[in-house]
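I opened this notebook to look up charged side-chain pairs and one helix packing. The entries follow the order in which I checked them.

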Amino acid sequence: MPSRTSVPTPKTRVYCSLLVDLDKTFKKDDLYILKFTLKDVIPEGVLETLYRPLDVFSALEERGYLGPDNLDKLREYLGSVERPKLIEMVDQLEDADTEFPLKPRSENRLEEGGYSVSVKGGRHFDTSKGEFVEVRSGSNYGLTLANQNNHQCLFYVEIDGYEMFPNGFILGPRQNYTIERPLRVPKKFKFFEISDAPAGSGINRYRKDKNGLIQVKFCSERADMKITCVASGSEAQTISCSTNILDTRFLKLVSNVFGNAAVTVMITPCKPLGQRGVKLVDYGVRDGSRVNVSLGVTGGKDPVNSFPSNGSLNESCKITKRSMWNAGATTLEGDSDQKFGSGKKFAMDMSLAVTLTLRLVSRENQTPLPSTGNPTPLTKATRIPPPCDVGFVYDSKDHSLLRKWLVLTEPDDHETIKDQEQSATTQDETQDSGGTLAGYVKTSMVVLQPGATAPSLEDTGKNSDDDDIETNLLHSPGVALTPALFMLRVYRAEDLPQMDSAFVQNVKKTLRIRKHPKDLVDPYCVVNFAGIKATSETIYSSNNPTFNEILNVPFQFPSMCDKLKIQLVDWDRVTADDIIGTKYLPLSEISGNGGAGYLPCFGPCYINLYGSSREYSDLPNEYEELNAGNGEGVAYRGRVLVELDTKLNASCTAEKDAISQTDAVKVQPFMRRSKFRLLASFLEATMLSVHDSPIEFE
């Protein structure tokens, strides 16, 4: 029987022509890079015998990595050569036998405001319905993020509605970086069409508004200073940075901006910038300063070009009747050796934040790549790990955690499935991301060896106002706590009672040493929240003091504390200071939750202080605890005029600041006083206990 020979199809002939054209287009360096990329795919001994690109392509075909219907690996390998022209030739072959009405972007990325996002292994399409990126089902992909500006930025990546880097990722000026895995799980991103998703991938077909969606938010560094850098033979560059930047970090910024691995910055002709880890302002550099830069060995990469784009996105994937993109989502499959370091956070200007949005899709009727097995759901990358495992407790001081506060989190609400026929598979497919703040719990834990003595695990009973909650709060990185700042403006106080003995003053009055007696109270104001205090200056000998100070209290938002404590305290030279009065401001009553909510704010308004009787006595006061807020006092002990503001993403530079003249004038209408008379009539009393002394009403 004569043997059959395969007849080449038109697509096969085009495919063979493509390989020949690639062979002719390749350069010597391109072949070297390609062979280096394939060192884990083709044995090293075989690679040494391959002298032409066609030889390499044949070796890939023999191992099943290349064929007329399998060009994704070739596109991935050609990406390492960094020759866009080669990838375009592969794309033209795939589009040759389709009626797809759209053409991919000439620049395969989405960009806005000097930031760009590119999906490595995908093809970008700019459509009237948003930015779509075509990725073959079953293929791994990466996100290449670029910062073309002269300042560093912090970016956050959200895939399918799940946060990949809860604390953000720092990207320097004129830098780009490709991420192929989330922070917590060392496995690569892999895209699957919904119908192709393998068991255990965690892909939920009912999350239609989230599947395939990628959002990258770039937050630029707050520019407190702009410094002009001048280098011989190069265009002058202006670098924006904060006043807290260190000399080592500034040198890296200059190196990135000029694309040079070795730079020397001269503050003055005789004063170079060192690498001592001190602030740039300590060298005398200020906003608007000009420095000279000497360039060394050239390094870095050319910055990417900019282009306008529309980052909006519509839920629909349908383009025309002739073609259709199918929805898909991401899972984690394949080990990744990518490592992430840690860096120091910096102040950000949220008003300049840029969010780029795109959606991953797969082309209809395209053969998917098979799963390699053992996929990991993407939710595993965002699920909050327990911060207090046995190793964490054992590595703590004395192998114990004593009286620590833990953050409690709850999973996100599962979506309601109306189709009862699908409910059986939904429960296994639906995953929760965790991370929603649900409360706090105070606990003590200890790891002991046999025969060891455990420390006391009981609570000390210390007042919760003095408990440093911020320091003793343990939470996982996935819990989003925002730095915030309470700014309490303390204007003045009035009608404060006598707090010191009048014995010395009475003696001076008798001897006529002092004509005008002084007020026997030396008040100052204290604000306390979550164990953090701020104290005003002491106003000596005044029962109507004027403070005009701003007390700053930093905290983490949202906080587990609900009350802000404000106290007026009397300073004493010898004995302990005495509390004049205490007032608690419940945050739930001066703030609002939900989409139309607002941060805690109050005033300007007078706060009345109540406690024990105003009459001073040298004897111990049995009702002194009322002045500290422990119980409800009825005696008026004065009032204080305050105003509270709350700021998010704000840092505390000083415990207290002076109130501006504008704010001081603003509260003048609140200081007007009018006289009133209170008339109270006691008409009748009954069922009173019998006493020998007269009955008094207060």
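Before the first entry I fix a term: a helix here is a DSSP run of H or I with at least four residues, numbered from the N terminus. I also note that the model is predicted.

Entry 1, a pair inside one helix. I looked up helix H12, residues 661–666, and found that Lys-666 and Asp-663 both lie in it, 3 residues apart, about one turn of the helix. The two side chains form a salt bridge, with the closest N and O atoms 3.9 Å apart. I accept the pair because the cut-off for a salt bridge is 4 Å. For burial, Asp-663 has a relative accessible area of 15% and is therefore buried, the limit being under 20%. Lys-666, at 40%, is partly exposed.

Entry 2, the surroundings of that pair. Which residues are linked with Asp-663 and Lys-666 in a network of salt bridges? I list Arg-489, Glu-643 and Asp-645 as the other members.

Entry 3, a pair between strands. I found a salt bridge from Glu-134 to Arg-123, with 3.8 Å between the closest N and O atoms. Glu-134 sits in strand S4 (residues 130–134) and Arg-123 in strand S3 (residues 123–127); the pair is 11 residues apart and links distant parts of the chain. Are these two residues buried or exposed? I find both Glu-134 and Arg-123 buried.

Entry 4, a pair of sequence numbers 62 and 63. I record a salt bridge between the side chains of Glu-62 and Arg-63, at 3.9 Å from N to O. Glu-62 is exposed, with a relative accessible area of 67%. Arg-63 has 32% and counts as partly exposed.

Entry 5, the total. I searched the whole structure for salt bridges and the count came to 15. As a general remark, side chains of opposite charge can pair when their charged atoms come close.

Entry 6, a helix packing. I turned to helix H2 (residues 28–37) and helix H5 (residues 72–81), which pack at an angle of about 125° with their axes 8 Å apart. That angle makes H2 oblique to H5. I note the crossing of H2 and H5 as right-handed. On the H2 side, the contact is made by Asp-30, Ile-33, Leu-34 and Thr-37. On the H5 side, Tyr-77, Ser-80 and Val-81 take part. I sorted the contact of H2 with H5 by class and got 4 nonpolar, 2 polar and 1 charged residues.

Conventions. Residues are numbered from 1 along each chain as its sequence is written. This is a predicted model: local features need pLDDT of at least 70, side-chain atom pairs count only at pLDDT 80 or more; totals for chains, interfaces and linings use all residues. Side-chain values use heavy atoms; hydrogens and water are left out. Buried means under 20% relative accessible area, exposed over 50%, partly exposed in between (1.4 Å probe, protein chains only). Helices (H or I, at least four residues) and strands (E, at least two) are DSSP runs, numbered from the N terminus. Axes are lines fitted to C-alpha atoms, for helices over the stretch in contact, and angles run from 0 to 180 degrees between N-to-C directions. Angles under 35 degrees count as roughly parallel, over 145 as roughly antiparallel, 65 to 115 as roughly perpendicular and the rest as oblique. A crossing is left-handed if the near helix is turned anticlockwise from the far one by less than a right angle, and right-handed if clockwise. Contact means heavy atoms within 4.5 Å. Ala, Val, Leu, Ile, Met, Phe, Trp, Tyr, Cys and Pro count as nonpolar, Asp, Glu, Lys and Arg as charged, and the others, Gly among them, as polar.
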